[in-house]
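Hi everyone, thanks for coming along. Please have the structure open in front of you, and we'll walk through a few parts of it together.

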Amino acid sequence: MFPNLKTMLILLPVLTTQLTIMQPSLLKPALFLTLFFCPLLLLAQVDINGSIKNTDNEPLSGVSVTVKGSGSGTVTDEKGNFKLTTSTKPPLTLIISSIGYALQEVRVKTAAETVQVSLVTSNSLGQEVVISATRTPSRILESPVTIERVSLATIRNSSAATYYDIVGNLKGVDVVTASLTFKTPSTRGFNKSGNTRLNQIVDGMDNQAPGLNFSLGSVIGLNELDVESMELLPGASSALYGPGGMNGSLIINSKSPFKYPGLSFQVKTGLMHTDGRTRGRSNYYNAALRWAQKIGKKFAFKIGGEFIHAKDWVADDYRNYKRLATTGNVIPGTRETDPNYEGVNVYGDETSIDIKTRVLNPLAAAVPFYAPYINALPATINVSRTGYTENEVVNPNTVNIKLSGALDYKITSSLDFIVSGFWGTGNTVYTGSDRYSLKDLKMGQYKVELNNGNWFLRAFTTQENAGQSFNTTVTTRLFNEAWKPSGGQTGWYSQYSQAFLQSKLSGLSDAAAHNAARAFADIGRPAAGSSEFRQLFDKVRSIPIVKGGGLFVDKTNLYNVEGQYNIASQSKGFADIIIGGNFKKYVLNSEGTLFADSAGTIGIDEYGGYLQATRSLLNDKLRLILSGRYDKNQNFDGKFTPRISAVIKVAEDNNIRLSYQNAYRFASTQQQWINLRVGTGVRLLGGVKQLQDYYHFDTNPVYEIDANMFAGSPVRRIFPKFKAETVNSFEAGYKGLVADKKLLIDVYGYYGIYKNFIARVNVAQSVNGNKSVFTNPATVQKNLSNPDSVNLYSVPTNITSDVKTYGFGIGLDYSLPSNFVVGVNASSDILSNVPPGYVASFNAPELRIGATVNNNGFGHDKRAIMSLAYRWQKSVEYEEDFGNGLLPAFHTLDAQVGYKFPAQKFVVKVGANNLLNQYYRNAFGNASIGGLYYVSFGYNLY
Amino acid sequence: MNKSIIHKLLLKFLAVTIAIVIIASCNKNLPEAVPIEAPGTGGSTQTIAEFFATDTNYSFYNAALAKAASFGLAVSFNNKDARYTVFAPDNNAFRRSGISSEAVVTGGFRAGQLDSLLRYSIIPGEVYKSSDITTAFPNIQLASNLTVAAIPGTILPLNLSLYPSKSATGFYLNNIPVVAADNILANGVVHTPLIIAAPPTKYLWNRINTDTELTYYKAAVLRADTDPSAPGALQAGLLNIGANLTVFAPVDAALRPVLFGALYQGILPQVIQQLIAGGATPEQAAAAAPPIAAAKASTLSSTPDGFNQLPVQTVKGIVVYHILGVKAYTNNFPTDTISYPTLLNGGLPQHPGVKLKATFAGPFATNAIVKGYGNATASNIMINTTPFTPEPFGTSDQNYLNGVLHKIDQVLLPQ
């Protein structure tokens, strides 16, 4: 079979567009995929016509009509009519769904018949259609894996200030809030800012910033008004979504300009910091606009934008932290009572030396008659420099601008050619190994796509620019050095030590003498916020890390092409089959500030393909789905991951699901190639062998920092070949409607075994290749904190023993009269079998409980709306590179009431996030989150 | 009851329950930094200032504190963030020191004098209980609270040193026995010495330079200082406030015979040579020379200038063999003999040094000896006839800014 000329002509401009945005090395796979899919364009197509009304015989517009088991679909026009073009040959089943109406499935025997459907109003429990569970539409009740869906109506009715917050109220989900606009959802553990085990896919594009390794969905993603739905797949999902989906995938889809034309906008304004606890009361502004227009029947476009401006939450954990490499713990002490104080969210105080051995003892040698007095002082006197709190060094203004646009051209009635792009910029704060002020961060994602419902072919690129982002710890330490160097005759430590001794000689106690010494050494220290401070700080933060400043340069890009074809119409009778594949290339470019790329950019190639077959058995009572995916990354061996799932229909609207999934992830680009000395003096290294060779691990061995080392017999650490991390996950669940379809139950339990779990391990290396620095138990601790003597590295490696996780979730939603729906849920995630000494960073609470009350129309003409969402979670021992510590249990309540003006298409809402304004943190060292109270005014929100 | 009423009731019940749960429960306040409690002294809650103000046995001391108030010590004694080890004479100690009443304290001294007097007996910044004091020879050198200068190039004050010590015979401040120890207070500890420890005002050299019994030792020092490799070094050291020495100064009566002997040994061969040159046979010269040489040596050694006739290195060797690099009071001497290096060991590290020993009656040494390696018998330290006799008549435990001086009755011979 050869592609016909017409199709080739149509594809030509697409190919050229793709090729211009791709690197030459991408040419091959792109061509391969194109040639692979072209023959499929010839398939026969049929048109199906119909109309949808309500029980009062009024036409319904905007109703979704999709062909079951394929990607074909459309929506009804203003008169309730639709025309659907599909390559699926009748007989087929249409799924007809609209918010507020019961979902209907309609059997169509021939293309000639006109479909007439009358929809019944319903509170719509369980009436949703999901796509991401199998990459084809299916009823949520029949999903083979656990899935949560956030619909347009949920977003519209939500009490959350942004749509991303809604995800946090779903069962089994944790959100790590690094700052107001930086939120990272996690499922099934390993919570962190920028979780690399959960994919975030926006309109088919992986939203992960390719260099920084975190998903920027909440910073640079869809404009709230352009979100059609969010689907969350907790649990392993690599088999369909590729490397990364170890713990889940969040799939966010935007609104098609054909389906959702018109102008809409929304303005939210609110108050934060109302009690002045961390900073003065301030305003919250959020404005969003979307305009979509159809031009004729073939062409439509949309543009949109969102602007957020607020004073950020403040990370204000000023507890004292005792750090050793990338582990540590909170200890008692304040700046006034511990000369070696290192506040969690205080930066610059990581610089610490032992003034006894490094200043006072040399002083004793110079002034011998004080030697006995100095000798009588404690053997070690560690003193840290005076730091600045986070709100003193990080710009308090959170600004977030998102712009998006798309062109959609219908080449044929069922073949869309789509060009779209998202671009965003903003200021926010991220928690990694240190706290990073992401300043003027920019990221754009651009895509061209051919989509026929049954198949698609897309190419996209992610273009990242870290802007003026800086590491707060490194920058503040360097700022201190720029103001007054630590070392030297007139350096800070010399002044401190002399003033300390002087104060002792005047009779002060140790504590008082330390404070007097600090006051003396800090004379002239620029006050935070002063122009002197600003000037010097801005100077330091704008010098790249490699040149001795705090700026990290990151212009890493990602290029990706992928395609998928649903051959259900051909394979019918045997099974519904879809196949797909992709190729991606990372181009790491940090100019040596983050990656080991000072000599030039580093490329990483990765490709993969997948296949899924679905077969219904036993009169549709049992549906078996088999999926598999193969991926290869140039730095790792190839990986095949299967998924087997089954849905057993025990009764209508009651299904049991069972699945086994194998998922995996290649180490993130940072885990492969990072080469960054962080604020605490530890060098974070990637796991590739080239980096270990560069630091001579072979000739100058590294030793584990463990009990053996402190006992004087260090153990050499040899890193084996770096492997992909995999998880084998078994899951069983039940979803069903009972009690007269008023109660929706969703239950799941899972068990996962992680193999080759990637964790960082801390090792130490003698600067001079002299093992003796580790063999004397009396001095090893001191040597470890002396950078002239020991290099510290944090190296990712695979844990050889298996790490196990298990957990459950249960959700109950009950439909009450007058449109009220109440829900309760509970979920749990537990980690076991972690070998001692590894930082697993599981961080999920053993128990979380949620409760919701929603109503999307009550009172006069059902114009009033309301929503309450409550969440409580148990305390967690939180572990992250930045710090470890107990995260206390907390609860939070979001609430909203609103009123609709249907004739004017307006909605007014008054709402609050964290209504009770009881501050909490959901990760160690992160911002403490208080109440956000808002009023919103929306127009034409569908 | 119909279904919808049940539903409405259920809804109300739910709403009320949720409201109660939410309002009743509170997030715990976010954890905040906890201060470290500075370790206390483990003593009473009274400050040092309060103690002196209330204990009538210290009314003289308190009067001195009050008169010197403008210098701030009284305020410092009230500071709970301060720490002091105070050797505070009680009223009896004042009386033993010749100050018979409060009126004498306040009338007989200027405020600044009193301030210096008190500060010299204070170790600032630390709490030294008697159990913290070393028994190792000779004592522990600690800075007092009396500042006399600044250390150039630093912000550090130059404070006079104190030498507390402990032994089987007692606990001492310098050479003064402590009669009541370890009164631990909120911001320090108070020990009571037998008498007031007066701060030294002079250098060792001032004494050597002026003492009429030490003219030969002075001359020896001056002769040794003509060493071209270190001109003036010894005198400078004996005038250096940073030094910390014990000088066993042989009195003239002891040093003159040694000078005579050394001169005689040097002169005798010269006289023999001269006699032979004058025509005598070697036998005749050897027989006739001794009285001539003795007469010459006798004349030369009759004044300290005789040292100028001796080789510099010989004189220097003798001088430095009489000096220890630490400050040792007689009460610091051990009851069993020990060897201790002298400054001679600076040039001859293997030299066995001198041997030291004392015998005690109560807290005081009644006999203290120092023996040179080349001596057949030990030299005696000329113990004061009355304890604590100051210069010019004191002969042992003479306290100076840069050391302590003991007169001895026999020259120490290094070989």
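Let's begin with a sheet in chain A, keeping in mind that this is a predicted model. Three strands make up this open sheet, in the order β4-β1-β7, and their pairing is mixed. Which strands stand at the edges? They are β4, residues 81-86, and β7, residues 115-119, of chain A. Each has a single partner strand, so one side of each is left without a neighbour in the sheet. From one strand to the next, the twist averages 30°.

If strand pairing is new to you, here is the basic idea. Strands of a sheet pair through backbone hydrogen bonds, either parallel or antiparallel.

Now zoom in on β1 of chain A, which covers residues 46-54. β1(A) and β4(A) run antiparallel, and six bridges join them. You can find some of the partners by eye: A:Asp47 stands opposite A:Thr85 in β4(A), and A:Gly50 has A:Phe82 in β4(A) as its bridge partner.

Stay with β4(A) for a moment and look at its side chains. In a regular strand the side chains alternate between the two faces of the sheet. In β4(A), which residues point to one face and are buried? Those are A:Phe82, A:Leu84 and A:Thr86. A:Asn81, A:Lys83 and A:Thr85 point to the other face and are not buried. So A:Phe82, the partner of A:Gly50, is on the buried face, while A:Thr85, opposite A:Asp47, is on the other one.

There is another open sheet to look at in chain A. Four strands form it, in the order β3-β2-β5-β6, and here the pairing is antiparallel. Its edge strands are β3, residues 73-75, and β6, residues 104-108, of chain A, and each pairs on one side only. In this sheet the twist averages 20° from one strand to the next. Strand β2 of chain A, residues 64-67, pairs with β3(A) over three bridges. One pair to find there is A:Ser64 with its bridge partner A:Val75 in β3(A).

Let's step back to the whole chain. Chain A holds 17 helices and 52 strands. Its C-alpha trace spans about 110 × 60 × 50 Å along the principal axes. How does the radius of gyration fit a compact globule? For 942 residues, such a globule would have a radius near 30 Å, and chain A has 30 Å, which agrees. Buried residues account for 56% of those 942 residues. And of the contacts in chain A with a separation of 6 or more, 65% are between residues 24 or more positions apart.

Next, the place where the two chains touch. The contact takes 45 residues from chain A and 40 residues from chain B. On the chain A side, the elements that give two or more residues are α7 (371-375), α10 (492-505), α11 (510-521), β45 (820-832) and β50 (890-901). The largest share, six residues, comes from α10(A). By class, this side of chain A has 28 nonpolar, 12 polar and five charged residues.

Last stop, chain B. B:Gly346 is in the loop between β11 (338-340) and β12 (354-361) of chain B. Is B:Gly346 buried or exposed? It is exposed, because 12 other C-beta atoms lie within 10 Å, and 12 or fewer counts as exposed. B:Gly346 is 28 residues from B:Ile318 in sequence, and in space the two are 13 Å apart, C-alpha to C-alpha.

Technical notes. Residues are numbered from 1 along each chain as its sequence is written. Chains are lettered from A and ligands numbered from 1 in the order in which they are written. This is a predicted model: local features need pLDDT of at least 70, side-chain atom pairs count only at pLDDT 80 or more; totals for chains, interfaces and linings use all residues. Two strands pair if DSSP finds at least two bridges between them. Axes are lines fitted to C-alpha atoms, for helices over the stretch in contact, and angles run from 0 to 180 degrees between N-to-C directions. A residue is buried if 20 or more other C-beta atoms lie within 10 Å of its own, exposed if 12 or fewer, and partly exposed in between; C-beta atoms are placed from the backbone. The radius of gyration is taken over C-alpha atoms; the globule rule is 2.2 Å times the number of residues to the power 0.38. Two residues are in contact if their C-beta atoms, placed from the backbone, lie within 7 Å. Ala, Val, Leu, Ile, Met, Phe, Trp, Tyr, Cys and Pro count as nonpolar, Asp, Glu, Lys and Arg as charged, and the others, Gly among them, as polar.
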